[in-house]
Amino acid sequence: MSPPRENIDMMLNSPKKAIIRMFLMVSVTFIVIKVNGFLDIYWIANLSTEAISAVSIVTPIYSIVAALGLGVGTGACVCIAYRLGKHDYRVANVMASTAIYLGLVVSIPAILFLLFGTELMFYNVDEEGVRGLTREYVIPLACGAPILILTGIVTNFLKAEGAMRAMVVCSLISIPVNAILTPVFVYVCEWGIKGASTATVLGSLVSMILMLYLLHSDKHHIKLKLVRPTFSNVKEVLGVGLPKALEEFLGGLTILVQNIILISKLGGDAVAIHGLTFSLMYLFTILSDSMSAATQPVCSTAAGAHRIESMRSSMIFSTLILIGLSLLVVLFLELFTPEVVQFINGGDAGELEEEMILAVGMYALMLPFYLLSRLASTLLQVLRKAHVWAPIFLVLSNIQVALLYFFATDIESMLIIVAISTSLLGIVGYALCHHYAVTYDPDAVERMIDNGEGVPRLEKLGGNKTA
């Protein structure tokens, strides 16, 4: 018996309803995940300040590893949803199989990067205690890298089908597992900091096992019958997803270089003001990332079904909702700026209160553009133009760094440069998205796929177009 198509049919026939429903579900998941992250920090902070330092060293390195899984996963989501819109169930499973193989392949350099990348940062660490704690924390993450990467990839299989309820349940199941195991491993088993990272891996493992179980039920089209991928399979998934991974990597690298420039030119206060305020803005990426997660499968399914007007209207609908929500956040931040500053500074902004108020006010104005750039990045994946955005993102990021290096003479000029350049990123990103959405040619995409630039024709795979 063929699996039901109710989720796919909703994405095709009621795209706005599907986007809203999936947006709300994913938002809840992201909020809970962030709360869980705070709980992890709480347990680790009770160990020692050295433990917090160790986590701070590993976190940026791990974010690069996570970007690898993100790239493969989002690439697979677009390719699978596109095939489901065409009723090409066999090819959808081939793309899923390809993503699994790619996840296993990238896990190898991920393990090495976690281990040796952490070691390379030790020359900045004087305390031997921090070095030892860093090694303890990173080893479970390195050993569990395949699990962490594959969990993110399999999550995108459910997202591609529009099965957001199943995706949310599977994602959230890791939260109580992690919340329970972390204090048990850290304090009861006396594993210390390595207990926290071990709990993280085991939480992801439970989530992945549940997702694999659900995918093998009669309710889903993706069955994960592993098939040897072809070069064109790999090329299509990476062609869509790799630019996104590159963007995340470049974003992290830009922040690192930017902080080096700021601390050398303006001192630690400038870095603190920028870091705290931008972290607040980053918190609201829950809105853009949730909207991206909801819009990506809906638009990809419409593209596969050649319902191009539906794809375009869904993109516009998502954009308007995101802008509306971001403007409400801007209004709140501008009206309650002093209270927000007191909150993010733990109730005491001290001598930096005036500068912090200025920073929150200016960065709030750029927030809609910042969120729009993140949504545009996802929409360009759907339009198969992510490779165009990656070099533009690199150029604009370098321009921001150069402007800070040459023209940031005080905190106010720093804020102006960051606000304007980040806003420009959103404007350019969405302008590109609009252009490629208007000129999108479904027949050209099909020709690209049939010419071996995407996935081979079904007859080459020995399959047909029915479940």
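Me: How are H14 and H16 oriented, roughly parallel or roughly antiparallel to each other?
Reply: Happy to start there! H14 and H16 are roughly parallel to each other. The general idea is that an angle under 35 degrees counts as roughly parallel. In this predicted model, the axes of H14 (residues 353-382) and H16 (residues 411-438) cross at roughly 20° and come within 8 Å.

Me: Which hand does the crossing of H14 and H16 have?
Reply: H14 passes H16 in a left-handed crossing. The residues of their contact divide into 22 nonpolar, 5 polar and 2 charged.

Me: Let's turn to a single residue. Where does Ser 310 sit, and is Ser 310 buried or exposed?
Reply: Ser 310 belongs to helix H12, which covers residues 308-335. For burial, the general idea is a cut-off: buried means under 20% relative accessible area. Ser 310 has 16% relative accessibility, so it counts as buried.

Me: Which residues does Ser 310 touch, not counting those up to four places away in sequence?
Reply: With those left out, Ser 310 touches Leu 12, Pro 15 and Ala 302.

Me: Good to know. Where in the chain is confidence highest, and where is it lowest?
Reply: Confidence is highest in H12, at a mean of 95, so the helix that holds Ser 310 is a good one to have asked about. Confidence is lowest in helix H18 (residues 458-461), at a mean of 35. Over residues 454-467 the pLDDT is below 50, and this stretch has 36 contacts in the model beyond near neighbours in sequence.

Me: And what is the mean pLDDT of the chain?
Reply: The chain has a mean pLDDT of 83, with 88% of its residues reaching 70 or more.

Methods
Residues numbered from 1 in each chain as written. Predicted model: local features only at pLDDT ≥ 70, side-chain atom pairs only at ≥ 80, totals over all residues. Heavy atoms only, no water. Helix = DSSP H or I, 4+ residues; strand = E, 2+ residues; numbered from the N terminus. Buried < 20%, exposed > 50% of the residue type's maximum accessible area, 1.4 Å probe, protein only. Contact = heavy atoms within 4.5 Å. Axes fitted to C-alpha atoms, helices over the stretch in contact; angles between N-to-C directions. Parallel < 35°, antiparallel > 145°, perpendicular 65-115°, else oblique. Left-handed = near helix turned anticlockwise from the far one by under 90°. Nonpolar A, V, L, I, M, F, W, Y, C, P; charged D, E, K, R; others polar. pLDDT = per-residue confidence, 0-100.
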